[in-house]
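Welcome! Open the structure in your viewer and keep the sequence beside it while you read this short tour.

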Amino acid sequence: MEDLRSKLFYEQKNGYDLIGTEERIAVEDYSREYMDYLNRSRTEREAVVNAIAIAESKGFVPYVSGMELKPGLKIYKNNRGKALMLAVIGKKSLAEGSVIAGAHVDAPRLDLKQITMYESDEMCFFKTHYYGGIKKYQWVTIPLELHGVVALKSGEVVDVVIGREPGDPKFVITDLLPHLAADQMKKTMAEGITGEGLNILIGSTPYADEGKDRVKYAVMSILYDMYGITEEDFLSAELTAVPAYDVCEVGLDRSMIGGYAHDDRVCAFAELKAIFDVEEPEKTCVCILADKEEVGSDGVSGMQSAAFDCFMEDLCESQGVSLRRCYENSFCLSADVCNAYDPLYPEVSEKRSDSKINYGMGICKFTGARGKSGTSDASAEVVAYLRRIFAENGVVWQMAELGKVDQGGGGTIAKFMANRNIDTIDAGVPVLSMHAPFEVVAKFDCYMTYKGVLTAYSQK
Ligand code: MN
Ligand code: MN
């Protein structure tokens, strides 16, 4: 009777009950490498630079138009320093399709405005415009560091990083003391801290002269000494404030990883590790690190950009294949994080369907909101395909859904890939406190997501 029961019922198991000692060690080794990558990749630009450095050490070369594409050749294309595409050329023609994994490397953050610096009551601030979906109250009274570029009129681009190195100063957005916050505390959490209130404190010492804005003058002269930049140069800058703390293990058992921007660098790293492990695949494997997902995938570096189509068309042309045919036969894992069920907030979840930490890679058949609106909804056949290849290769995975029906919703790059006539499904790591300055993932799920992508890349 027990046999019949286990045959008929679908029951999920905690991932740690499904792996042995060897794989536990692999989980730890993988997690260490990921933590190092995440620690060094605080912006999409840094995520791209670091990915290219590792890729080159693994034999990837920059793609040059007209290059002869022999099976096993490893190439990459840097899209303006903010997005990246890598490929390992397969033995089969691109007419038989490619295997694509697409993650994004942008993350919610506080961008400095173009006219950003001001002095008020002998304190100096940067004004910001937040990027992506944030809960604003989470971004006050935490240490912040500054990253980005300043493009000068001369064409020179100055890299700026302040707050990352030990001993560097950091920045902060202040909040009201509770003693005087009675009115503030009556506001909703959405209104208690406003967008225009997210101003970063950057200095308080006046310059020793008689003029106005002496603190701003002092701060500006420090920046001029460090980087040779003036206030006008902020007009053509992309500077962003991100949380200024290191990635770390979480829990007495060290089973989780806490840090900023797991969404979606945790999947980006899984894809990178997987494509680095691929040698002479049957079908051409493609790894995408996209930008602008958190703001709708628009723009030249977002997944709606023709940059991806140009890259793929170049590859197809060199084999005399039409891009249409390649897309039609391709398969894409939209590698993005999913919401992990949180016992502290059970009211927003439908426990049977939300993903759980330590239960493996989360597969979202559909995303969207209000009756699946805006989803590409992968077909049953695509899900069945994953069931088969994951079962054959020991990938621990689970179904995932974004909370209760009508509770909210969201989307990924999946629909932009599916709109290209590519069979696409969402797959990624469950995250606790998603979009917070300190998100949490389980090491087990990070590793299984890598294994899932590698399995997809390895199919005939
Ligand atoms: Mn994401
Ligand atoms: Mn996100």
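## Two metal ions and their surroundings

Asp336 is buried, because its relative accessible area is 8%, and anything under 20% counts as buried. Keep in mind that this is a predicted model.

Asp336 is a good place to start, since it leads to a metal site. The manganese ion (ligand 1) has as its protein donors His104 (NE2), Asp263 (OD), Asp336 (OD) and Asp336 (OD), at 2.1 to 2.6 Å. Along the chain, these donors follow the spacing H-x158-D-x72-D. Asp263 sits in helix α6 (residues 262-276), while Asp336 sits in the loop between β14 (331-335) and β15 (338-339), so this pair ties together parts that are 73 residues apart in sequence.

Is Asp263 buried or exposed? Asp263 is buried, with a relative accessible area of 3%.

Now turn to the second metal. For the manganese ion (ligand 2), the protein donors are Asp263 (OD), Glu294 (OE), Glu294 (OE) and His435 (NE2), lying 2.1 to 2.6 Å from the ion. The spacing of its donor residues in sequence reads D-x30-E-x140-H. Glu294 belongs to the loop between β13 (284-290) and α7 (307-318), and His435 to the loop between β21 (430-432) and β22 (439-442), so the two tie together parts that are 141 residues apart in sequence. Both Glu294 and His435 are buried.

Which residue bridges the manganese ion (ligand 1) and the manganese ion (ligand 2)? Asp263 does, and the ions lie 3.3 Å apart.

## Two helices

Asp263 also brings us back to its helix, α6. Of the 15 residues in α6, 15 are buried, so the helix is mostly covered. A simple length check works here too: at 1.5 Å a residue, α6 should span 21 Å, and its end C-alpha atoms are 20 Å apart, which agrees.

The check can be repeated on helix α5 (residues 214-227). Its 14 residues should span 20 Å at 1.5 Å a residue, and the end C-alpha atoms are 20 Å apart, which agrees. The buried residues of α5 are Val215, Lys216, Ala218, Val219, Met220, Leu223 and Tyr227. Among the elements covering them are β5 (109-120), β6 (123-131), β8 (157-162) and β9 (199-203). Right after α5 comes Gly228, which has a positive phi near 70 degrees.

## Cores and a pocket

In soluble globular proteins, nonpolar side chains tend to be buried together. Here, the largest nonpolar core has 66 residues, and the members touching the most others are Leu86, Leu289, Leu333, Ile425 and Tyr457. Leaving aside neighbours within four places in sequence, the contacts of Ile425 include Phe331, Leu333, Ile363, Val382 and Leu386. Apart from this core lies another, with 36 residues, including Leu144, Ile173, Ile193 and Val219.

There is empty space to explore as well. How many residues line the largest pocket? The lining has 48 residues, and those nearest the pocket's centre are Asn339, Leu402, Gly409, Met434 and His435. The volume of the largest pocket is about 1,400 Å³.

## Three more residues to find

The table gives the relative accessibility of three residues.

| Residue | Relative accessibility | Class |
|---|---|---|
| Gly360 | 0% | buried |
| Asp309 | 18% | buried |
| Arg352 | 75% | exposed |

Gly360 lies in the loop between β15 and β16 (361-364). Not counting residues up to four places away in sequence, Gly360 touches Val396, Trp397, Gln398, Pro430, Phe444, Asp445 and Met448. The C-alpha atoms of Gly360 and Ala442 are 8.9 Å apart, although 82 residues separate the two along the chain.

Arg352 is also placed in the loop between β15 and β16. Arg352 and Met399 are 47 residues apart in sequence, and their C-alpha atoms are 9.3 Å apart in space.

Asp309 has its place in helix α7. With residues up to four places away in sequence left out, Asp309 touches Leu323, Tyr327 and Arg420.

Note on methods. Residues numbered from 1 in each chain as written. Chains lettered and ligands numbered in written order. Predicted model: local features only at pLDDT ≥ 70, side-chain atom pairs only at ≥ 80, totals over all residues. Heavy atoms only, no water. Donors = N, O, S within 2.8 Å, 3.2 Å for Na, K, Ca; no water. Helix = DSSP H or I, 4+ residues; strand = E, 2+ residues; numbered from the N terminus. Buried < 20%, exposed > 50% of the residue type's maximum accessible area, 1.4 Å probe, protein only. Expected span 1.5 Å × (residues − 1). Contact = heavy atoms within 4.5 Å. Core = buried A, V, L, I, M, F, W, Y, C linked by side-chain atoms within 4.5 Å. 1 Å grid on protein atoms, 1.4 Å probe; cavity = no way out; pocket = protein on both sides within 12 Å on 5 of 7 lines; lining within 4 Å. Points joined across faces, edges and corners; volume = space filled by probe spheres on them.
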